[in-house]
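Please find below a short note for a colleague who is meeting this structure for the first time. It is arranged as numbered points, which may be read alongside the sequence and the model.

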Amino acid sequence: MFSRAVRPALRAGGAAAARINITKPGSYAQWAQRRESQLLTWNLSPAPANAAGFATLREIEGRLKSIKNIEKITNTMKIVASTRLTRAQKAMDDSRVYGKTSNTVFEQAETKPLEDKKTLLVIASSDKGLCGGIHSGLSKAARRYLAENPNVDIAILGEKAKAQLSRAAPENIVLSFANVCKDIPTFADAQAIADQIALLPEDYASVRIIYNSFVNAQSYEPVSIEAYSEEAITQSANISSYEVDDEALSSLREYALANNLFWAMAEGHACEISARRNAMENASKNAGEMINKFQILYNRQRQAAITGELVEIITGATASADM
């Protein structure tokens, strides 16, 4: 039997040993196992639930592990976005050539939308996130246009902008598309969307497309282009200089709409890939900073726990020697 002076020291040492997190084999872990078996033999009381020590150390270790896993994911997504950006930029450059050439005709013909008819606003968004505020920028531009022209209808490409605009102007949304711009857009995709827009019962004065314009690899801005109705093209001031047959005007209008949609979708896709790469790069950088901070905290807590254990062992040994 031990004296009453020795028992508190042994109880403190046993409580600390019971809180040891045995994660690696070694002499210290083996000592902790032997110490725990001795405590079970002596029937000492366990450590209280709010005791500081290895419980906090385990929490830090778990948090550190989860942050490292997040860093691996964000690094992988950044690499994937970087490899996809080159192809997206090439498709964007090709679509710009066709889009600008098509719009030059209407600029020189001085085509303007009719004032007595409604305008259809098309938001060229997508379904994917984790790309910064690229979708929020489109929604803000659409809300600004709605504030100036409340009597417009909205068609949305992608679920991200639809979720945001459904709260601001649900009564203006007449058409929406999902699963768009998963990969590099094609003219066939734009033509299918243009066919659905043409089936709407309203005869619109023009179709205004809001999309993200690619400025450089770090920045983008929401801009708009217009596709005019057949009647607006017919009433253009200089359309007669092109000698367009009346039978070809409807085809010209459908082609111009599909061409502008293709341009907007291809450029918006390139902006999305670039924004995702930048977002994942920033996320990986932030995760690395958090890993460094938690690693320092983990080392300090581990050193403090080891120091506390040594103090308790020395105290118990000293008390035993004084018996």
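The points below take up the sheet, the helices that pack on it, a surface patch, an aromatic pair and a salt bridge.

1. Please keep in mind throughout that this is a predicted model. Its sheet is open and has five strands, which follow the order S3-S2-S1-S4-S5 with mixed pairing. Strand S3 (173–177) and strand S5 (219–228) are the edge strands, each of them pairing on one side only, and from one strand to the next the twist averages 20°.

2. Within this sheet, strand S2 (residues 153–157) pairs with S3 in the parallel sense, over four bridges. A useful place to look at this pairing is Ile 156, which stands opposite Ser 176 in S3.

3. Helix H5 (residues 159–168) packs on the sheet, where it touches strand S1 (119–124), S2 and S3, and its direction makes about 155° with that of S3. Helix H6 (residues 187–198) lies across S1, S2 and S3 as well, and runs at about 160° to S3.

4. On the surface, a nonpolar patch is formed by Val 97, Tyr 98, Phe 187 and Tyr 255, which together have about 400 Å² of accessible area. Of these residues, Tyr 98 has its place in helix H3 (residues 54–108).

5. The count of aromatic pairs comes to four. One of them joins Phe 187 and Tyr 255 in a tilted arrangement, with 6.2 Å centre to centre and 45° between the planes. Because Phe 187 lies in helix H6 and Tyr 255 in helix H8 (residues 246–321), this pair ties together parts that are 68 residues apart in sequence. Both of these aromatic residues also belong to the nonpolar patch on the surface.

6. How many salt bridges does a search of the whole structure find? The search finds seven, among them the one in which the side chains of Asp 94 and Lys 90 meet, at 3.6 Å from N to O. Both residues lie in helix H3, where Asp 94 and Lys 90 are four residues apart, or about one turn of the helix.

Technical notes. Residues are numbered from 1 along each chain as its sequence is written. This is a predicted model: local features need pLDDT of at least 70, side-chain atom pairs count only at pLDDT 80 or more; totals for chains, interfaces and linings use all residues. Side-chain values use heavy atoms; hydrogens and water are left out. Two strands pair if DSSP finds at least two bridges between them. Helices (H or I, at least four residues) and strands (E, at least two) are DSSP runs, numbered from the N terminus. Axes are lines fitted to C-alpha atoms, for helices over the stretch in contact, and angles run from 0 to 180 degrees between N-to-C directions. Contact means heavy atoms within 4.5 Å. Patches are made of residues with over 30% relative accessible area and no salt bridge: like charges are joined within 9 Å, nonpolar side chains (Val, Leu, Ile, Met, Phe, Trp, Tyr) within 5 Å. Accessible areas come from the Shrake-Rupley method with a 1.4 Å probe; for residues, only the protein chains shown count as cover. A salt bridge is a side-chain nitrogen of Lys or Arg within 4 Å of a carboxyl oxygen of Asp or Glu. Rings of Phe, Tyr and Trp (its six-membered ring) pair if their centres lie within 6.5 Å; planes under 30 degrees apart count as stacked, over 60 as edge-to-face and the rest as tilted.
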